[in-house]
Amino acid sequence: MTAEKRVVVVGQGYVGLPMAMRASEVGFPVVGLDADEARVRSLQQGDSYVGDVSSGQLQSALASGYIATTDIQDCMEFDVAVVSVPTPLYDGLPDLSYIEAAARDLGTHLRAGACVILESTTYPGTTTEFFAPILEEVSGLRRGEYHLGYSPERIDPGNPTYGLVNTPKVVSGVDLESLSVVDAFFSALVDQTVPVGSCEEAELVKLLENTFRHVNIALVNELAMFARDLGVDIWRSIDAASTKPFGYMRFTPGPGVGGHCLPIDPSYLAWRVKQHLGHTFRFVELANDVNEHMPDYVHTRATALLNRERKALNGSRVLLLGLAYKRATSDWRESPSVEVAKRLSDSGADISFCDPHVTQPGTASLDHPLVPFSPDELTTADLVIVLVDHPEFEPSIIAAKSHLVLDTKNLLRGCEFAGETL
Ligand SMILES: NC(=O)c1ccc[n+]([C@@H]2O[C@H](COP(=O)([O-])OP(=O)(O)OC[C@H]3O[C@@H](n4cnc5c(N)ncnc54)[C@H](O)[C@@H]3O)[C@@H](O)[C@H]2O)c1
């Protein structure tokens, strides 16, 4: 595909911004459309808010003609539009309102021969049954007059090894011509594409991948609770099991799951199965149940640990190391750390968070202060709980300075410390 094609990326978040940057880097003229004025202002000023995109990278894109805007009129005459808007749950049900709004906007500028690609994570059938009818109603075009496809995003924020370019990209189209256009576009951006037979297959790929992770994390979480009661060190068993070169994949326990994917995506699939087939997706229900219970388990363990020291949770100073939902990222949406804090705080604990990746202004809605990672903060806490294994959290400092530690990530392995591992 030639780089003269005008590209629009709708949604400039964790998924859409790296995509816009890559398209700009390979030479496409790119418009990044986002509904959030503050985000767009920040982009226009060359100030990135997404960890995987540096401000330097953003500034180079701006110098090469990348435009960040809230105005759909700036997207006129696009050739390819990629849609990366949120797909949250609302009252436990899929909320496709953002996809609908994006389709209504794009429909006004959709021309014959142009291509629209949905990237948001969603249930099988969304592209053809929900997205396409809106595009067609607004544009007046019919299927076959424009190209349409679905390509799931596999971005893993903070992963230093696999990024957008070297992670194979699954691509699909509503017909062969659409598949060929979608494939040509992403082939210009990534090392390898993986064409599949239908948009529904591609939609299911993403949900399969995330449900697989969700279920396996739940498995080790439940096993961690049982192993402790059996007097077995789950972490050593996991290390040993991980030496098997086939048939086993390493997952580790923790305080729960978070972010925009694992707590949400499997429920999209479960909803579709229930709505279409009338069946309950039992694996998803069970995994939800186990993973959602983990913050309660951390609360119970924290209470017991303090009790052992003749202290009550009520009135104790508890320092939570890690607010983000995973290592080396700043994203704290749906983070289990927030759930842990809520439970501890309800029991009267005095909570502070420490997270070098999360910036102060973004945490205005938090009820607890964000403090630096320092020996002083560790020493003044009655209990330190490691919730995220950020690289900045130096294990030897935590072990040496803290009075009492509950380590939910086995970060302090090999260190002498007062406390316990999950
Ligand atoms: N974050 C991840 O790690 C990840 C990985 C793979 C897939 N996904 C999926 O990708 C999609 C986007 O996720 P994200 O993490 O980038 O979300 P995000 O919240 O970081 O970004 C979405 C952006 O879309 C904007 N937006 C919402 N409605 C809009 C509209 N109608 N027009 C223009 N802009 C609009 C929002 O203002 C926001 O900036 C979701 O479906 C998510 O499940 C996320």
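For these entries I count a residue as near the ligand if one of its heavy atoms lies within 4 Å of it. The model I consulted is predicted.

**Entry 1: the ligand shell**

I looked up which residues surround the ligand and found 27 of them. The closest are Val-15, Asp-34, Arg-39, Thr-87 and Thr-121. I then sorted the shell by class: 13 residues are nonpolar, eight are polar and six are charged. I also asked which element gives the most to this shell. It is helix α4, residues 97-107, which supplies three residues.

**Entry 2: polar contacts of the ligand**

I next looked up the partners of the ligand's oxygen atoms. In the side chain of Arg-39, an N or O atom is 2.7 Å from a ligand oxygen. At Thr-121 the partner is a polar backbone atom, and the distance to a ligand oxygen is 2.9 Å. For Arg-333 I noted a separation of 3.0 Å between a side-chain N or O atom and an oxygen of the ligand. I then checked how much of the ligand is covered: taken alone it exposes 820 Å², and the protein buries 93% of that.

**Entry 3: helix packing around α10**

Two packed helices are described by the angle between their axes and the distance between the axes. I recorded both values for two pairs that include α10.

Helix α7 (residues 199-230) packs with α10 at an angle of about 45°, and their axes are 9 Å apart. This makes α7 oblique to α10. The crossing of α7 past α10 is left-handed.

Helix α10 (residues 282-308) and helix α11 (residues 336-346) have axes that come within 9 Å and cross at roughly 45°. I therefore entered α10 and α11 as oblique to each other. In which hand does α10 pass α11? I noted a right-handed crossing for α10 past α11.

Terms used
Residues numbered from 1 in each chain as written. Predicted model: local features only at pLDDT ≥ 70, side-chain atom pairs only at ≥ 80, totals over all residues. Heavy atoms only, no water. Polar contact = N/O pair within 3.5 Å; in protein donor to acceptor, adjacent residues only side chain to side chain. Areas by Shrake-Rupley, 256 points an atom, 1.4 Å probe, with all protein chains shown as cover. Helix = DSSP H or I, 4+ residues; strand = E, 2+ residues; numbered from the N terminus. Nonpolar A, V, L, I, M, F, W, Y, C, P; charged D, E, K, R; others polar. Axes fitted to C-alpha atoms, helices over the stretch in contact; angles between N-to-C directions. Parallel < 35°, antiparallel > 145°, perpendicular 65-115°, else oblique. Left-handed = near helix turned anticlockwise from the far one by under 90°.
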